[in-house]
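Student: Could you take me through one part of this protein in detail? I'd like a close look at the nonpolar core, set in the context of the whole chain.

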Amino acid sequence: IALVSYVHKTLGDLPKHQAAILYTLGTFVSVSRVIFDSQSPHGSRRYIANLAGDDDAVRAIRGFQKPLPWDEVPDMFERKGSWFRKALRCGYHSMSRNKGTLIFFWTYTLVWRLIKARGRIGMKVLFPRGPLQFLRSMARTSALLFTFGFTFWSLLGLGHQIRLPSPGMTRFAAVCYVTTAAIVALPMETRNRWNALAAFMLMSIVD
């Protein structure tokens, strides 16, 4: 958290398009390290790997040495039912498995506000924009986590149907699919959170 805060402050208040570009770049590089690194993901990169919602799939993709023919993709990823059902399950798992992280993050946010307020407790201190807005923020962050897993598997299902890329499923294709899923998920969060997300993804490159 301290490193994310430091990177966030270093970046400053970036324009919307710059924050989105850095977020995308950080995601692409971090996911590439997850997929191509010989060591198991650790630190924040382990957290990023969890967002796929299917740990076995991440391990399988990391082990690819050559393209996996598209005809073998459904069996490799234990797809039960349609790709849409797989996307729903993984999106939900991506969100639910991170509930501890969400609780920690929001608790940290409230405690930090109390520290800044020097111990004064009140609704205006804990919820400067109101409790309803606080709950909306939690819902948006949960939607962000759900969208990662859901979009990745939806894209993989689409790739399976149109055979893209043509040789079969590759590690690089997985990185591109995840990066695309991250871009789709970005609007789930409010604009004032984009800089923080960019800082997290950039920090995860070196974590």
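Tutor: Happy to! Let's start with the overall build and then move inward. This is a predicted model, and its 207 residues would give a radius of gyration near 17 Å if they formed a compact globule; the chain has 18 Å, so the two agree. Along the principal axes, the C-alpha atoms fill a box of roughly 60 × 35 × 30 Å. The chain is built with 11 helices and zero strands.

Now for the inside. Buried residues, meaning those under 20% relative accessible area, make up 44% of the chain. The largest nonpolar core has 49 residues, and the members touching the most others are Phe77, Trp153, Leu156 and Met169. Many helices feed into this core: α2 (16-36), α3 (43-50), α4 (55-62), α6 (83-96), α7 (99-116), α9 (131-162), α10 (171-185) and α11 (191-206) each supply at least two residues.

Phe77 is a good residue to zoom in on. Setting aside neighbours within four places in sequence, Phe77 is in contact with Asp54, Ala57, Ala60, Ile61, Phe64, Lys86, Trp153 and Leu156. Two of these partners, Trp153 and Leu156, are themselves listed with Phe77 among the core members that touch the most others.

Stepping back to the chain again, of the contacts with a separation of 6 or more, 77% join residues 24 or more positions apart. On the outside, the chain exposes about 11400 Å², with carbon and sulfur atoms supplying 64% of that area. As for charge, there are 27 positive and 11 negative side chains, and the centres of these two sets lie 13 Å apart.

Note on methods: Residues are numbered from 1 along each chain as its sequence is written. This is a predicted model: local features need pLDDT of at least 70, side-chain atom pairs count only at pLDDT 80 or more; totals for chains, interfaces and linings use all residues. Side-chain values use heavy atoms; hydrogens and water are left out. A nonpolar core is a set of buried Ala, Val, Leu, Ile, Met, Phe, Trp, Tyr and Cys residues joined through side-chain atoms within 4.5 Å. Buried means under 20% relative accessible area, exposed over 50%, partly exposed in between (1.4 Å probe, protein chains only). Helices (H or I, at least four residues) and strands (E, at least two) are DSSP runs, numbered from the N terminus. Contact means heavy atoms within 4.5 Å. The radius of gyration is taken over C-alpha atoms; the globule rule is 2.2 Å times the number of residues to the power 0.38. Accessible areas come from the Shrake-Rupley method with a 1.4 Å probe; for residues, only the protein chains shown count as cover. Lys and Arg count as positive and Asp and Glu as negative; His and the chain ends are not counted. The place of a charge is taken as NZ of Lys, CZ of Arg, CG of Asp or CD of Glu.
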